[in-house]
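Hi there,

Here is the structure I promised to pass on. Have a look at it first, and then read my notes underneath.

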Amino acid sequence: MKRLAAVLLLTTACATTAPDEGDPHLWLEGIDDPRALAWVAEQNERTRRELATTPGFEEMRAQALSALGSQSRVPAVAYHGDHLYNLWKDARNPRGVYRRTTLDELRKPSPQWTTVLDIDEMSRRDGKQWVFKGMKCLPPAERQCLVAISPGGGDAVEFREFDSETLRFVDNGFFVPLGKTNVEWIDENTIYIGTDFGAGSLTESGYARMVKVWKRKTPLSSATTIYEASPKSVGASARRIRTEGKVIDIVEESLTAWESKLHVRDGADLRPLALPPTAEIEGGFRGMLVVKLLETWGDFAAGSVVLVDPATMRTQLLVAPTESSIVEDVDISDESILVETLDSVRGRLVRVTADGQRQPVAFPDNGALSVMTMDDDTGDALVKFETFVDPPALYHVSGTTATKILSQQPAFDGSRFEVTQQWTTSKDGTRIPYFMVAPKGLRRDGGNPAHIFSYGGFRNTLAPSYSGSYEQHYGAYGKLWLERGGVFVLANIRGGGEFGPQWHSSVLKENRVKAFEDFEAIAADLVRTGVTSAKHLGIEGRSNGGLLTLATMVRRPDLYGAVISGAPLADMLRYHELLAGASWMGEYGDPRIPAERAFIEAYSPYQKFRADASYPPLFVYASTRDDRVHPGHARKVVARLQALGHDVLYFENVEGGHGGSSTNEQLAYRIALSYAHLWKELR
């Protein structure tokens with residue numbers, strides 16, 4: 001199970017201390033307050049006038065939309081039973097059609113798909129802007145499913161039971177109203193559930209505090225409580241791990257973003273599982289748990305993946321990190337395990353068999369790969385591979401053989417560009433890598449427009465991508481930036497997961513500033529080596545990356561010519577009060593504790609803005625329906641900087657959740673605004 005910090009669910013602010021009455025922009029935290037929405041509308045119109053009317057904007061928007069809607073793009077597929085399922089968005093289905101096919105059909109030049117759910121039709125019928133959020137099915141038949149849908153794209157979802165054989169929602173089946181819900185199948189008539197059960201049932205972070213067992217044809221209010229977490233924890237959940245006819249029920253209380261208490265449930269009994277608090281259970285294999293370690297445990301190094309017998313605590317090493325190679329992800333079937341690793345931020349794949357053999361699966365070099373889905377019986381998998389200049393391709397992996405079955409048509413001419421990995425040194429002496437995509441024969445005269453994208457937090461790895469970021473843009477950046485003469489840089493600063501647990505943990509809490517120093521070192525290196533100069537250098541980040549770009553803009557405004565901050569955290573003295581913010585205190589610290597408030601206050605962008613500073617032009621974007629990072633952060637940044645006399649543009653999409661958009665059209669508009677800002681300021 002991935003840590004709850006990565007799935008941040010909340011719909012309303014959680015106020016646990018008095019607001020800052022001295023903040024004149026506090027009113028902008030009223031998400032749907034009419035006055036705030038009127039302010040948003042004014043800002044959106046100003047941004048439209050300033051950016052959407054610039055020369056080339058409409059061409060860039062059309063190019064972005066063409067890439068996002070390419071009929072050749074690789075579908076993101078997942079096995080449910082014998083079928084492969086996929087959500088497909090295009091001009092006819094802007095909200096998407098959830099569809100399915102078979103592997104044999106997918107191999108054909110024009111595969112036939114069967115519609116499972118038409119999200120646009122559901123939206124029209126229900127009078128809501130539904131966004132599909134996934135489907136959980138009961139193994140092994142996977143006929144009984146729970147479909148998650150969100151109005152407007154936020155993290156809060158509604159669950160409805162669905163029959164994958166009849167392709168219809170089940171009359172009087174399981175139904176969970178909109179909320180911050182986690183559900184898992186126990187059997188055909190029973191589920192684990194954590195949701196809002198009323199007063200006292202949520203943590204300070206807004207997650208479910210209670211884990212319950214809910215029986216079919218009984219009211220949700222009658223579900224039986226099996227575990228209660230502390231209100232100060234992040235949340236609690238449960239799941240059933242199925243492995244070779246054996247089931248292992250795990251109950252987890254996430255104490256912080258990175259620490260948990262784990263229990264094995266045996267009947268009515270809960271038994272503590274003696275694993276390190278940072279251990280993550282990835283699944284089960286041959287009756288044992290597959291556990292990823294984020295800290296040293298006995299003879300096992302941090303970053304190792306081990307097998308653990310939950311009854312005897314007998315352990316067995318599955319795979320260990322090396323100096324340059326770390327485990328990125330683990331995918332498990334009954335037959336074998338696929339381990340995704342990164343070797344100096346380049347993707348590798350290894351199959352581990354039941355007898356412990358480790359067999360590499362050959363893929364091209366200098367790219368990123370991800371296992372989309374595995375056949376539980378055979379261990380065969382569908383794996384996506386891409387580079388900065390080569391479009392995504394889908395491979396069928398059987399044993400150690402990877403066979404390409406389809407690929408996206410190029411969105412731009414990748415042969416014109418050279419990809420290199422560079423290294424520079426941060427303030428504390430740590431070597432920091434970054435990838436650079438530049439025209440072949442680049443002139444290092446300091447005149448090239450350059451764009452750095454980074455994140456630097458929550459163990460989020462940034463690997464080579466045809467999108468240039470962790471968002472799926474299907475190569476749009478190649479048309480809107482590279483082919484127009486720009487240089488792109490992906491900064492692998494600390495806080496991510498590129499080099500294992502320590503790469504992340506080394507910048508937690510009081511050390512957060514080291515991530516900013518890493519980023520500044522890369523910017524300075526681009527100037528020092530003549531790739532660009534400050535007036536031609538633009539930077540971008542989203543969410544935690546939005547905090548990164550705002551903080552570095554405040555620290556070193558002289559380094560940059562333009563800044564983009566998407567869905568940012570900004571008011572770090574109040575972030576724990578807003579939506580899911582309290583769940584991130586394991587990452588940033590607790591502003592209620594004086595010692596921790598002091599190191600947060602030292603960089604919190606919102607409080608550090610000054611009228612007499614010379615900040616580069618800033619573009620901020622967010623979503624009204626973001627129930628993860630409160631849009632009040634972005635709104636207040638813009639209002640305060642404008643009040644101080646600085647040049648700031650703002651765009652807030654009315655839906656889209658933390659991703660910021662629900663349709664390709666919405667995303668294309670925002671992408672075009674971002675590049676219009678960069679080109680306007682960096683030429």
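Trp-88 has Val-97 in β3 as its bridge partner. The two strands involved, β2 (residues 83-88) and β3 (residues 97-101), pair in the antiparallel sense over five bridges. Strands here are DSSP runs of E with at least two residues, helices are runs of H or I with at least four, and both are numbered from the N terminus. Two strands count as paired if DSSP finds at least two bridges between them.

Before going on, a word on the source: this is a predicted model, in which local features need pLDDT of at least 70 and side-chain atom pairs count only at pLDDT 80 or more, while totals for chains, interfaces and linings use all residues. Residues are numbered from 1 along each chain as its sequence is written, and side-chain values use heavy atoms, with hydrogens and water left out.

Back to the sheet. It is an open one of four strands, in the order β1-β2-β3-β4, with antiparallel pairing. Which strands stand at the edges? They are β1 (78-80) and β4 (114-118), and each has a single partner strand, so one side of each is left without a neighbour in the sheet. On average, neighbouring strands of this sheet are turned by 35 degrees against each other, direction ignored. Helix α4 (residues 119-126) packs on the sheet and touches β2 and β4, and its direction makes about 30 degrees with that of β4. Contact means heavy atoms within 4.5 Å; axes are lines fitted to C-alpha atoms (for helices over the stretch in contact), with angles from 0 to 180 degrees between N-to-C directions.

Trp-88 turns up again in the second largest pocket, which has a volume of about 380 Å³. Of the 20 residues lining that pocket, the closest to its centre are Gln-71, Trp-88, Arg-99, Pro-111 and Trp-113. The elements giving two or more residues to this lining are β3, β4 and β29 (401-407).

A pocket, on a 1 Å grid over the protein atoms alone, is an open set of points with protein on both sides within 12 Å along at least five of seven lines; a cavity is a set where a 1.4 Å probe fits but cannot get out, and lining residues have an atom within 4 Å of a point. Points are joined across faces, edges and corners, and a volume is the space filled by probe spheres set on them.

As for cavities, the structure holds two of 30 Å³ or more. The largest has a volume of about 130 Å³, and of its 16 lining residues the closest to the centre are His-451, Ser-469, His-473, Glu-540 and Tyr-675. Elements that give two or more residues to this lining are β32 (450-453), β34 (537-542) and α13 (664-682). The largest share, four residues, comes from α13.

Now for strand β37 (residues 648-653): six of its six residues are buried, meaning under 20% relative accessible area (exposed is over 50%, partly exposed in between; 1.4 Å probe, protein chains only). Val-648, Tyr-650 and Glu-652 point one way, and Leu-649, Phe-651 and Asn-653 the other. Strand β36 (residues 618-623) runs parallel to β37, joined by six bridges, and Phe-619 stands opposite Leu-649.

One last residue: Met-210 sits in strand β12 and is buried, with a relative accessible area of 13%.

Cheers!
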